[in-house]
Amino acid sequence: QIQSISEFRNCIYRLTIKEYMIATILSRILIAFVLASVIYVLYIAIKNEFLLLIAIGSSIGLEIILNMIVLETEKWSILKCVNIFYCWDSVQLFGNYLNLNILQHPIRKEIVASAIAGMIVVGSIMVGVQIFHKSYQIASGSFWERFLLKIREKTAFIWQHMGLGVFEFYKVCVQQKKGIIFLFMLILFGIEVSDLNNANIYYSAKEATYHSIINKMEGELSEESLKILEEEEQYIEYLYQELGNKSNDESENDEIMRKYWASELELKEEGVQMVTDQIEKLYQDEGDIYQKYVVDEIDYYNLWSDFRTDIIRWFVGVIGVILWSSSIYTVEEKKKLYPLLRTMKKGRKTLNYQKNICALVGTVSMIGLMGALDFIEYFSIDGFKCLQHKLSDFTMINLERDWTLGILLLLVFILKAISYLIPMLLCIVLSRILKSEMLTSIILCGSITAIFIVLYYLEIDITKVVLGLI
């Protein structure tokens with residue numbers, strides 16, 4: 001059996017060495033088929049050989065980066081487990097047991113990878129045939145094409161606009177197919193939100209007890225919340241008394257009860273002590289105790305420490321902004337319309353204004369999508385009950401300034417918005433200078449990727465930068 005080899009001890013399939021070699025060959029044939037399908041659809045869609053090589057190289061480069069930086073244990077593990085380089089390594093494919101969370105159901109990574117590979121192959125063939133049909137079909141339109149054209153003629157009065165701004169958005173979203181960017185982002189948004197709605201997992205009894213008590217006390221400190229903590233402390237004292245009473249008894253029932261009280265004490269005591277230390281810190285600081293707040297410091301600490309999610313979101317969002325903005329000024333250059341537009345000073349000024357608005361609206365929409373994920377994460381902690389909580393009152397994180405939590409979150413959001421707006425402005429300026437969408441995208445995406453890799457390995461995100469300044 002394959003399990004006799006140390007690398008495959010966790011393999012769940014009962015395979016002989018011969019069967020393992022056959023499975024490896026079949027899996028690699030499937031990977032080659034997936035690659036061939038993707039190259040086929042790119043070859044049909046892109047007429048320029050240089051651009052085709054760039055697209056293929058970028059796709060392979062992205063797979064390499066994702067395989068390097070994404071871990072099997074994080075929520076984006078699906079990006080690693082369906083990666084062609086991960087699946088090509090038969091030791092990782094068959095030797096590691098891992099289930100992926102697909103719509104709240106655990107499914108083995110091999111099944112997910114096979115299903116996605118099948119969808120890519122079928123989808124690539126369908127898209128390739130459709131592109132070929134659109135590009136090279138010379139026969140007259142089909143019945144369905146004529147039917148859709150008639151419907152379009154009958155309903156044309158519903159959508160009649162003369163504004164340049166509307167046509168700019170139509171040109172970018174529909175004609176240049178950039179609306180797919182936001183469709184993709186909405187899908188990612190839905191996946192992220194579904195992950196955020198998963199049940200909380202606590203890795204120790206201490207942490208579970210802490211969260212349980214804090215959830216009851218959360219918000220502005222009051223006599224009622226202090227009474228909750230007092231009751232928990234009295235329960236700890238009660239457990240100690242029961243342990244003391246049972247310590248000299250030797251009957252079987254008393255031994256069972258003694259183990260029960262000891263277990264209960266072990267579960268509760270450290271969590272209660274964490275909450276007590278947090279409240280004592282509030283008493284030590286200046287100000288009215290009843291104008292201070294009880295916050296779930298572990299949740300905030302975990303959120304601020306999760307630099308990977310923050311950096312990956314920023315990277316995906318900024319790449320989306322670049323792809324959206326890179327063609328807004330270059331599309332007329334492709335169609336040789338600028339010689340005509342340059343002769344119309346007033347018209348050109350109005351047109352450029354609408355183009356800038358189009359780029360800005362797309363960027364603000366991206367900021368809104370990514371900001372909404374942050375909003376949901378912070379809201380899920382305490383429902384924004386503790387925005388007036390002073391940062392200097394945190395016990396698990398050493399913050400000296402008296403800024404409130406609300407000011408910190410606002411500052412982080414503003415800096416994140418600026419980090420999206422700067423690439424947009426660079427994209428507009430560079431596209432007007434180079435007059436090439438492809439060159440602009442390559443230069444800026446390459447620069448952002450380099451920055452992303454550096455930040456990822458230095459474990460730095462915008463939240464950490466702001467906390468470091470504080």
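Rings of Phe, Tyr and Trp (for Trp, its six-membered ring) are taken as a pair if their centres lie within 6.5 Å, with planes under 30 degrees apart counted as stacked, over 60 as edge-to-face and the rest as tilted. The model on screen is a predicted one, in which local features need pLDDT of at least 70 and side-chain atom pairs count only at pLDDT 80 or more, while totals for chains, interfaces and linings use all residues. Residues are numbered from 1 along each chain as its sequence is written, and side-chain values use heavy atoms, with hydrogens and water left out.

**Aromatic rings**

Begin by selecting F307, F315, F452, Y456 and Y457, which ring pairs link into a cluster. By the ring rule, the structure has 12 aromatic pairs. A pair to display next is F182 with W324, whose ring centres are 5.2 Å apart and whose planes stand at 85°, so this pair is edge-to-face. It links distant parts of the chain, with F182 in helix α9 (residues 179-196) and W324 in helix α14 (residues 307-325), 142 residues apart; helices here are DSSP runs of H or I with at least four residues, numbered from the N terminus. Both F182 and W324 are buried, a term that stands for under 20% relative accessible area, whereas exposed stands for over 50% and partly exposed for values in between (1.4 Å probe, protein chains only).

Return to the cluster and keep F452 and Y456 on display: their ring centres are 5.8 Å apart and their planes lie at 50°, so the pair is tilted. These two residues are four apart in helix α19 (residues 437-458), and are therefore separated by about one helical turn. F452 and Y456 are both buried.

For a charge beside a ring, select K355 and Y329, where the charged end of K355 sits over the ring of Y329, 5.8 Å from its centre; the criterion asks for NZ of Lys or CZ of Arg within 6 Å of the ring centre and within 35 degrees of the ring normal.

**Salt bridges**

The structure holds nine salt bridges, each defined as a side-chain nitrogen of Lys or Arg within 4 Å of a carboxyl oxygen of Asp or Glu. Select R313 and E377, a salt bridge in which the closest N and O atoms are 3.1 Å apart. Since R313 lies in helix α14 and E377 in helix α17 (residues 345-382), the pair ties together parts that are 64 residues apart in sequence. Both R313 and E377 are buried. Widening the selection to D310, R313, D374, E377 and K416 shows one network, joined by salt bridges that share partners.

Next, move to K171 and E168, whose side chains meet in a salt bridge at 2.9 Å, N to O. They are three residues apart in helix α8 (residues 164-175), and so are separated by about one helical turn. K171 counts as buried because its relative accessible area is 12%, and E168 is likewise buried, at 3% relative accessibility. Another bridge to inspect is that of E110 with K109, with 3.1 Å between the closest N and O atoms; E110 and K109 are both buried.

**Contacts in the N-terminal numbering**

Select S90, which lies in helix α5 (residues 90-95) and counts as buried at 8% relative accessibility. Its side chain is joined to that of Y20 by a polar contact of 2.6 Å, meaning a pair of N or O atoms within 3.5 Å in which, within protein, one must be able to donate a hydrogen and the other to accept it, and residues adjacent in sequence count only if both atoms are side-chain atoms. Then pick N67 in helix α2 (residues 49-69), which is buried at 18% relative accessibility. N67 and Y86 are 19 residues apart in sequence, and their C-alpha atoms are 6.5 Å apart in space.

**Two loops with positive phi**

Most residues other than glycine have a negative phi. K435, in the loop between α18 and α19, nevertheless has a positive phi, near 60°, and is partly exposed with a relative accessible area of 39%. E459, in the loop between α19 and α20 (462-469), is not a glycine but has a positive phi of about 60°, and it counts as partly exposed at 39% relative accessibility.

**Surface patch**

Finish with L410, F413, I414, L415, I418, I422 and L426, which form a nonpolar surface patch with about 600 Å² of accessible area together. Patches are made of residues with over 30% relative accessible area and no salt bridge, like charges being joined within 9 Å and nonpolar side chains (Val, Leu, Ile, Met, Phe, Trp, Tyr) within 5 Å; areas come from the Shrake-Rupley method with a 1.4 Å probe, and for residues only the protein chains shown count as cover. One of the patch residues, I418, lies in helix α18 (residues 405-434) and is partly exposed, at 37% relative accessibility.
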